[in-house]
Amino acid sequence: MMHYIKLAVIWVFNYFGYKIGKKTDEYFLADIEPKYHNIISQVRPETMTTEERIYALIKAIEHISQMKLQGDIVECGVWRGGSMLAVAQTLVDLDDTNR
């Protein structure tokens, strides 16, 4: 039954010129500035954080570094350390390694 519903939905979308497909790397990287693609691709297997949130984290770290805000950066609830890997790589790219 579910199979027929799925086929019907796909047919309706195709009829109106839309294509339904699985999310790919090209999809999530399309809206993100190219200079961040490498970091996101590198850390993605090590985190449950979505691509959009990794991007937001990178931008937040850039802001902290550019504003020269003092202090350490910590993460609570680490799974495999992917988010902190993104933080560390961003800080290295910004030559801000004193944290």
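The following exercises, each with a worked solution, concern a predicted model of one protein chain.

**Exercise 1. Determine which secondary-structure elements the chain contains and in what order they run.**

Solution. Begin with the count: the chain has five helices and zero strands. Next, read the elements from the N terminus on, which gives α-α-α-α-α.

**Exercise 2. Compare the radius of gyration of the chain with that of a compact globule of 99 residues.**

Solution. First, take the reference value: for a compact globule of 99 residues, a radius of gyration near 13 Å would apply. Second, take the value for the chain, which is 19 Å. Third, consider the box that the C-alpha atoms fill along the principal axes, roughly 60 × 25 × 20 Å.

**Exercise 3. Describe the burial, surface, contacts and charges of the chain.**

Solution. Start with burial, for which the cut-off is a relative accessible area under 20%. By this criterion, 21% of the 99 residues in the chain are buried. Turn then to the surface: about 7,700 Å² is exposed by the chain, and 58% of this area is supplied by carbon and sulfur atoms. For the contacts, consider those with a separation of 6 or more; residues 24 or more positions apart account for 57% of them. Finally, the chain carries 11 positive and 13 negative charges, and the mean positions of the two sets are 7 Å apart.

**Exercise 4. Identify the residues of the largest nonpolar core and the helix that supplies the largest share of this core.**

Solution. The core consists of eight residues: I32, Y36, I39, I40, V43, I54, I58 and A86. At least two of its residues come from helix 3 (37–43), and at least two from helix 4 (51–66). The largest share belongs to helix 3, with three residues. As a further step, examine one member of the core, I39. Apart from its neighbours within four places in sequence, I39 contacts I58, A86, Q89, T90 and D93. Of these partners, I58 and A86 are also listed in the core.

**Exercise 5. Decide whether T47 and C76 are buried or exposed.**

Solution. Locate T47 first: this residue is in the loop between helix 3 and helix 4. The relative accessibility of T47 is 9%, so T47 counts as buried. Its contacts, with residues up to four places away in sequence left out, are I54, W79, G82 and S83.

Now locate C76, which is in the loop between helix 4 and helix 5 (82–93). C76 counts as exposed because its relative accessibility is 74%. One distance may be added: C76 and L91 are 15 residues apart along the chain, and their C-alpha atoms are separated by 19 Å.

**Exercise 6. For K68 and D95, state what the phi value is and where each residue lies.**

Solution. Recall the general expectation: most residues other than glycine have a negative phi. K68 is not a glycine, yet its phi is positive, near 55°. K68 is placed in the loop between helix 4 and helix 5. With a relative accessible area of 64%, K68 is exposed.

Proceed in the same manner for the second residue. D95, also no glycine, has a positive phi of about 55°. D95 belongs to the segment after helix 5. Its relative accessible area is 71%, and therefore D95 is exposed.

Key:
Residues are numbered from 1 along each chain as its sequence is written. This is a predicted model: local features need pLDDT of at least 70, side-chain atom pairs count only at pLDDT 80 or more; totals for chains, interfaces and linings use all residues. Side-chain values use heavy atoms; hydrogens and water are left out. Helices (H or I, at least four residues) and strands (E, at least two) are DSSP runs, numbered from the N terminus. The radius of gyration is taken over C-alpha atoms; the globule rule is 2.2 Å times the number of residues to the power 0.38. Buried means under 20% relative accessible area, exposed over 50%, partly exposed in between (1.4 Å probe, protein chains only). Contact means heavy atoms within 4.5 Å. Accessible areas come from the Shrake-Rupley method with a 1.4 Å probe; for residues, only the protein chains shown count as cover. Lys and Arg count as positive and Asp and Glu as negative; His and the chain ends are not counted. The place of a charge is taken as NZ of Lys, CZ of Arg, CG of Asp or CD of Glu. A nonpolar core is a set of buried Ala, Val, Leu, Ile, Met, Phe, Trp, Tyr and Cys residues joined through side-chain atoms within 4.5 Å.
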